[in-house]
Amino acid sequence: MSTDRGPRDGSLDALRFALAPARGRAARWLAVARGLAAHPGPTLAILRSRLAGKRLRARQALIALLGADHRGLWHSTLGLPAAAGVSSGTAARVATVTAGMLREGAVPSAAIIILVAPGHVLIEGAADRLAAAFAADPGMQILYGDALFEPGGTGGRCLPLLRPAFDPEYLLAVDYIGPVIAIRGEALREVGGLADAPPGAEAMDLVLRCADRFGRGAVRHLPQPVSLWQPSQGTDAPRAAGSARASSAVAASGAGPLPKGERDRGRGANSPERPRPSPQPSPTGRGSPTRVSPAAAVPRTTGQTGDDGHGVRSARLEAVRRHLVRIGEAAEAVVSSEGIVSVIRSLPDPRPLVSLIVPTRDRLDLLRPCIESLQHGTDWPAREILICDNDSRDPATHAYFHSLEARGLARVIPRPGPFNFAAMNNAAARQGRGRLLAFVNNDVEAFQPDWLERLCREALRPGIGAVGAKLLDGEGRIQHAGIVLGTGGLVTHGHRHFPGDAPGYLAGLEATREVSAVTAACLVVEAGKFAAVGGFDEKTFAVDFNDVDLCQRLNAGGLRTLLVPSAVLHHREAASRRWTPEARARHEGEVEALRKRWGPLLAQDPHYHPGFDPDLGTYARLRRDWPEGIAAGPR
């Protein structure tokens, strides 16, 4: 990774996935041809599926072979809602204002206030939809929607910014929500308006203050487009248009002065603003295409504060620090050169013991590199290694076991009988002495020494359950970055097959954030929390989905599941698995059990947008009926 890949405009930090240099069409086709030619067997299988009319299967196999990108998300602007103001029927209840106007001390008396910003305008019908949503839910205080990103030079195409449900962890890392938000007028006045908000991060600061004051449930997401973002048109014209509409609304509503409100103290202004070291994943492998996007024409504008773009990042960092002070959490917040904010919480001294649990059956070719990486490629000082052995027969494997135990480097926990991944992990967990459990597959290798520290730092927090890492496959591409429910017919790994160093959709491969589940191939959880929910369900999910089920039970108990993408490891997924008729039958039974137990959650993952195609990976293509087919209300 380079040391500074971020755009100069800090407001574009979440859009770095869309700002990659674009290849020409000829270069793209040449790369595809070379990738297919290098793998004739898979290429013939793809061709047979295509000729048999199995278009989806062929497309999925092609992505698995050549890699994924975001090109399929770009959408023609034809037929999409156009920019518009507030309708006459809504104007009496809704006022549209800019942060500058609120900062001057005047708050409209309208029931609903929509905050806009330079380059951002509401689209037709948005104000009506927002007002209707507030009327239907009295407990909702802030509502944000999706946006259409339309830079210049894209030939009449736009990129939909499809946001997840509210996630405070995600917002602390990168502003995936702002700057267009709607808030109840009473709530705005109660939290003190924007008079003291960091310039350049007003919307983000307002969302955090409302979540702190009213609870995270007061912040909701409407999964429909509500605004148009046109940075290529400059800031002057949008600012003038927005200010004119806002001035009319304010004048009509009889705005009065802001109450003084509570001013935040102890902002940690002396804390150093230094970048957190970025992970260095291995280069992408075969045929991984360069991320292509029409958005290469986006101008490298300056930040909203008029400086070189770091003003927006500094404002976001200040908003995070103020939030930490309000909730009484002692932590350091730093921002990277890519614009990602990391909240670094203190660790106990001395460090608590971690029980690293590795289930295996022979496969010394996988196990030895895994164990050596846990011994020599992991810098957490207090750790023990437990190898749960399921009837290994290879003499070389047993000799390795004896060598490890004789040197005090690991304990071997026998677990004979039919292969049951969940039962093996449970058996080892009962033998573990650590405050933390780290489940690691025997086909996983650590190459980043601080991976365990990054995961433990989050897992030790009171409200956190399971914590997972970003895993790279043998080609250096994303194998795991959280588990998305309801995609691919059941569940899918987020950003699967994208380049290992990709920033991810809305910086989702860089920001610590909530996900519905993480894989047990690398999962850290406090032992007490694991035991409180009964561990893995070894009777119902012996091999598959035991990690998804565990995370759902932890989530149901009020503990959140986190993805920490700055912790990166290699994973040769299922390298030791052998499919038999019995294994396939068992797998189908576990599929049905997951649907029966967690069916409603599988309908729509709150951390994933319903506008994405549920059948073709994740973050790769829009649903064919988007946006008309998305009838979901606030979530």
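Here is a chat between a trainee and a mentor about the predicted model shown above.

Trainee: Before we start, what kind of model is this?

Mentor: Residues are numbered from 1 along each chain as its sequence is written, and side-chain values use heavy atoms, with hydrogens and water left out. Local features need pLDDT of at least 70, side-chain atom pairs count only at pLDDT 80 or more, and totals for chains, interfaces and linings use all residues, since the model is predicted.

Trainee: How many helices and strands does the protein have?

Mentor: Both are DSSP runs numbered from the N terminus: helices are H or I with at least four residues, and strands are E with at least two. Going by those runs, the protein has 17 helices and 24 strands.

Trainee: What percentage of the residues count as buried?

Mentor: Buried means under 20% relative accessible area, exposed means over 50%, and partly exposed is in between, using a 1.4 Å probe and protein chains only. The protein has 635 residues, and the buried part of them is 56%.

Trainee: What share of the contacts with a separation of 6 or more comes from residues 24 or more positions apart?

Mentor: A contact means heavy atoms within 4.5 Å. Among contacts in the protein with a separation of 6 or more, residues 24 or more positions apart account for 79%.

Trainee: Which helix gives the largest share of the largest nonpolar core?

Mentor: A nonpolar core is a set of buried Ala, Val, Leu, Ile, Met, Phe, Trp, Tyr and Cys residues joined through side-chain atoms within 4.5 Å. The largest one has 130 residues, and I114 and F439 are among those that touch the most other members. The largest share of this core is 7 residues, and they come from helix 8 (residues 202–214).

Trainee: How many residues are in the second, separate core?

Mentor: That core includes V358, I371, I385 and L460. Its size in residues is 40.

Trainee: C210 is found in helix 8, so is C210 buried or exposed?

Mentor: Leaving out residues up to four places away in sequence, C210 touches I142, I183, V191 and G215. Its C-alpha atom is separated by 7.4 Å from that of A187, 23 residues apart along the chain. The relative accessibility of C210 is 0%, so C210 counts as buried.

Trainee: Which buried residues does helix 11 have?

Mentor: Helix 11 (residues 364–376) has 13 residues and reaches 17 Å from its first C-alpha to its last, close to the 18 Å expected at 1.5 Å a residue; the expected span is 1.5 Å times one less than the number of residues. Its buried residues pack against several elements, including strand 13 (354–360) and helix 12 (395–406). The buried residues themselves are L364, L366, L367, C370, I371, S373, L374 and Q375.

Trainee: Which residues does N425 touch, not counting residues up to four places away in sequence?

Mentor: N425 lies in helix 13 (residues 421–431). It counts as buried because its relative accessibility is 1%. The residues N425 touches are I357, P359, F439 and F536.

Trainee: Why is the pair of F439 and F536 edge-to-face?

Mentor: Rings of Phe, Tyr and Trp (its six-membered ring) pair if their centres lie within 6.5 Å; planes under 30 degrees apart count as stacked, over 60 as edge-to-face and the rest as tilted. The centres of these two rings are 5.1 Å apart and their planes are at 70 degrees, so the pair is edge-to-face.

Trainee: How far apart in sequence are the parts that this pair ties together?

Mentor: Both F439 and F536 are buried. F439 lies in strand 16 and F536 in the loop between helix 15 (527–532) and helix 16 (546–556), so the pair ties together parts whose separation in sequence is 97 residues.

Trainee: Which residues do ring pairs link into a cluster?

Mentor: Take Y505 and F612: their ring centres are 5.2 Å apart and their planes at 85 degrees, so that pair is edge-to-face. Y505 is buried with a relative accessible area of 3%, and F612 is buried at 2%. The cluster linked by ring pairs is F17, Y505, Y608, F612 and Y619.

Trainee: Which residue does a cis peptide bond join to G178?

Mentor: Omega for that bond is about 5 degrees. The partner lies in the loop between helix 6 (168–173) and strand 8 (181–184), and the residue joined to G178 is P179.
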